[in-house]
Amino acid sequence: MNVQQEIRAAAADSTGHFDVVIAGAGISGVGAAYHLTKQCTGTSFVVLETQKSFGGTWLTHRYPGIRSDSDLHTFGYRFKPWTSAPIATAAEILSYMGEVIEENALGPHIRYQHKISSARWSSEENLWTIEAIRTDTGEAVRFTANFFWMCQGYYRHSEGYTPEWKAMETFKGRIVHPQQWPDDLDYKNKKVVVIGSGATAATLIPAIARDSAHVTMLQRSPTYFRTGRNAIEIAETLRALQVDETWIHEITRRKILFDQDAFTRKTFEEPEAAKKDLLSAVEAYLGPDYDIATHFTPKYRPWRQRIAFIPDGDLFQGIKAGKASVVTDEIERFTETGILLKSGKTLEADIIITATGFNLSANGDIDFSIDGKPLDFSQTVTYRGMMFTGVPNLVWVFGYFRASWTLRVDLVADFVCRLLNHMKDIGARKVTPALRPEDHNMPLLPWIDPENFNPGYMMRGMHLLPKRGDKPEWQHNQDYWAEKDEFPAIDLGDHAFVYE
Ligand SMILES: Cc1cc2nc3c(=O)[nH]c(=O)nc-3n(C[C@H](O)[C@H](O)[C@H](O)COP(=O)(O)OP(=O)(O)OC[C@H]3O[C@@H](n4cnc5c(N)ncnc54)[C@H](O)[C@@H]3O)c2cc1C
């Protein structure tokens, strides 16, 4: 059966009991399914996915130029070599994920068009009851599971975040959010303004600059970018030496991670030097006369927000060629023909694209309850950013900001499989994280420290997220380099895990 046939076959069989239910068939959910089949053989599981196919982020986003902003050696799984250029298009990522599904016969485990609406834990039965709505028929279906593996990502897929600006309704052209890119959007020879300067804007602008009349990137404040060739030298060398792809993948991953760790440490220890490195790479494309201080020099220390990689400097090449430009200003209001800025300048536009980010949705918009009581995740404390105090048999996948998300998908999966096997060995049906006596006076803090990392969607939604403590066990420390050694060493007999 090919993937599409498997999708149809799977859709026919809808309910039942499973050892594990996985929410979401993005890179996290597919990774979780793979690891369950390899590390917990014989475990029954189902993946419930709202959309019509797998891919998550890479299926939802269909704007021109959509691509990764980190390399696919580390955004790809550790178990399947990535063999192309490191920065990949959404289509290439979907194709890679499709191969993982096909090669490992994961298709029959996935139920598409199943939007999970509620998850209720019963301590009497030691079970989750998970209800989903079939988006094709509207039918409500019910599953029970011993364990719930949340791979639902971190933002709402159905709509992006668009701030309210004054007089938006007066604009006569089209306003588009990249998360809902219309198939019929014709930007040929049109004046386009893209609001925002994150990875989405930086990807979209070079992709549409050639065909539009002009693209203006309108930003309130600048963003850091990294740039360079879309190639990894060590991978090229090893390939030329005809080294096996499995080795190339592993060695290249190690090299990238080593370099990334060195750079991240530099941003903390020598922020000015790190900043200089980033800005001189931009200057190399734009030349000494370009106003880099205004348009590409953020006020914050590098890495407080994600740094997108610009392959071959394509954004800067568009600017240099005059097809794109950057305006750093604030919006006073929309007008019939564009945008009036606080400086008094106006930007004429036929199309305005709001690359203004996401709506945080930390729990997939699922109503959770435990023994009949609604569960408020913000009142829980996180165990290493994957489990929560008082919430039994549930793991949540939240990746890294400064490294590829998928590195953590593999690490969390190893932990979950070890935990499930351990529970089987000791005959436990329930595991609930709990603060230990020595943790009771621990300060409880917001999920992330805004001094450390502070993108808008996190700041807008922080009050909804679980709390963290000040010990490594009770926080998501965003440090792959530490977690790669710490996770395999987690003592499952620690009193932070209460088994029944
Ligand atoms: C445009 C863009 C580019 C990015 N580039 C990178 C990058 O280069 N490197 C990087 O590390 N990160 C990147 N990210 C972050 C990226 O989202 C994650 O790295 C990764 O794709 C998340 O995978 P996921 O499977 O956890 O979540 P998602 O990709 O968000 O997938 C979650 C899936 O769960 C489903 N789902 C949600 N709620 C429910 C529910 N209630 N019931 C059933 N199904 C549900 C959704 O439909 C979706 O398919 C990017 C993000 C965006 C938006």
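**Exercise 1. The ligand shell**

Which of the 33 residues around the ligand come nearest? Work that out for this predicted model, then describe the contacts and the make-up of the shell.

*Solution.*

Step 1. Start with the residues that come nearest: Ser28, Glu49, Asp69, Ser70 and His157.

Step 2. Now look at polar atoms. The side chain of Ser28 puts an N or O atom 2.5 Å from an oxygen atom of the ligand. With Asp69 it's the backbone that does the job, where an N or O atom sits 2.6 Å from a ligand oxygen. Arg306 brings a polar side-chain atom to 3.1 Å from a nitrogen atom of the ligand.

Step 3. Check the coverage. On its own the ligand has 980 Å² of accessible area, and the protein covers 96% of that.

Step 4. Ask where the shell comes from. At least two residues each are supplied by α2 (27-39), α3 (57-60) and β4 (114-122). The most comes from β4, which gives three residues.

Step 5. Sort the shell by class: you get 13 nonpolar, 16 polar and four charged residues.

**Exercise 2. The nonpolar cores**

Find the residues that touch the most other members of the largest nonpolar core, then follow Phe296 outwards to the residues it touches.

*Solution.*

Step 1. A bit of background: nonpolar side chains in soluble globular proteins tend to be buried together.

Step 2. Here the largest nonpolar core has 141 residues, and Ile22, Phe148, Trp149, Phe296, Phe368 and Phe415 touch the most other members. Helix α12 (residues 405-426) contributes the largest share of this core, twelve residues.

Step 3. Take Phe296 and skip anything up to four places away in sequence. Among the residues Phe296 touches are Met217, Pro222, Phe225, Leu279, Leu286, Tyr290, Phe316 and Val326.

Step 4. Don't stop there: a second, separate core has 14 residues, including Phe171, Ile339, Leu347 and Ile352.

**Exercise 3. Ser68**

Is Ser68 buried or exposed? Place Ser68 in the chain and list its contacts too.

*Solution.*

Step 1. Ser68 belongs to the loop between α3 and α4 (72-75).

Step 2. Ser68 has a relative accessibility of 2%, so it counts as buried, the cut-off being under 20%.

Step 3. The side chain of Ser68 gets to within 2.9 Å of the backbone oxygen of Ser70. That links back to Exercise 1, where Ser70 was one of the residues that come nearest to the ligand.

Step 4. Setting aside neighbours within four places in sequence, Ser68 is in contact with Trp58, Pro86, Ile87, Ala88 and Ile93.

**Exercise 4. Gly318 and Asp350**

Compare the surroundings of Gly318 and Asp350.

*Solution.*

Step 1. Gly318 is part of helix α11 (residues 314-320), while Asp350 is in the loop between β15 (346-348) and β16 (351-354).

Step 2. Gly318 is buried because its relative accessible area is 14%. Asp350, at 29%, is partly exposed.

Step 3. Beyond four places in sequence, Gly318 is in contact with Lys323 and Ala324. For Asp350 the list, made the same way, reads Phe171, Gly173, Arg174, Lys190 and Lys191. The Asp350 side chain also reaches the backbone nitrogen of Lys191 at 2.6 Å.

Step 4. Finish with C-alpha distances. Gly318 and Leu286 are 32 residues apart in sequence and 9.9 Å apart in space. Asp350 and Tyr77, 273 residues apart along the chain, are separated by 41 Å.

Key. Residues numbered from 1 in each chain as written. Predicted model: local features only at pLDDT ≥ 70, side-chain atom pairs only at ≥ 80, totals over all residues. Heavy atoms only, no water. Near = heavy atom within 4 Å. Polar contact = N/O pair within 3.5 Å; in protein donor to acceptor, adjacent residues only side chain to side chain. Areas by Shrake-Rupley, 256 points an atom, 1.4 Å probe, with all protein chains shown as cover. Helix = DSSP H or I, 4+ residues; strand = E, 2+ residues; numbered from the N terminus. Nonpolar A, V, L, I, M, F, W, Y, C, P; charged D, E, K, R; others polar. Core = buried A, V, L, I, M, F, W, Y, C linked by side-chain atoms within 4.5 Å. Buried < 20%, exposed > 50% of the residue type's maximum accessible area, 1.4 Å probe, protein only. Contact = heavy atoms within 4.5 Å.
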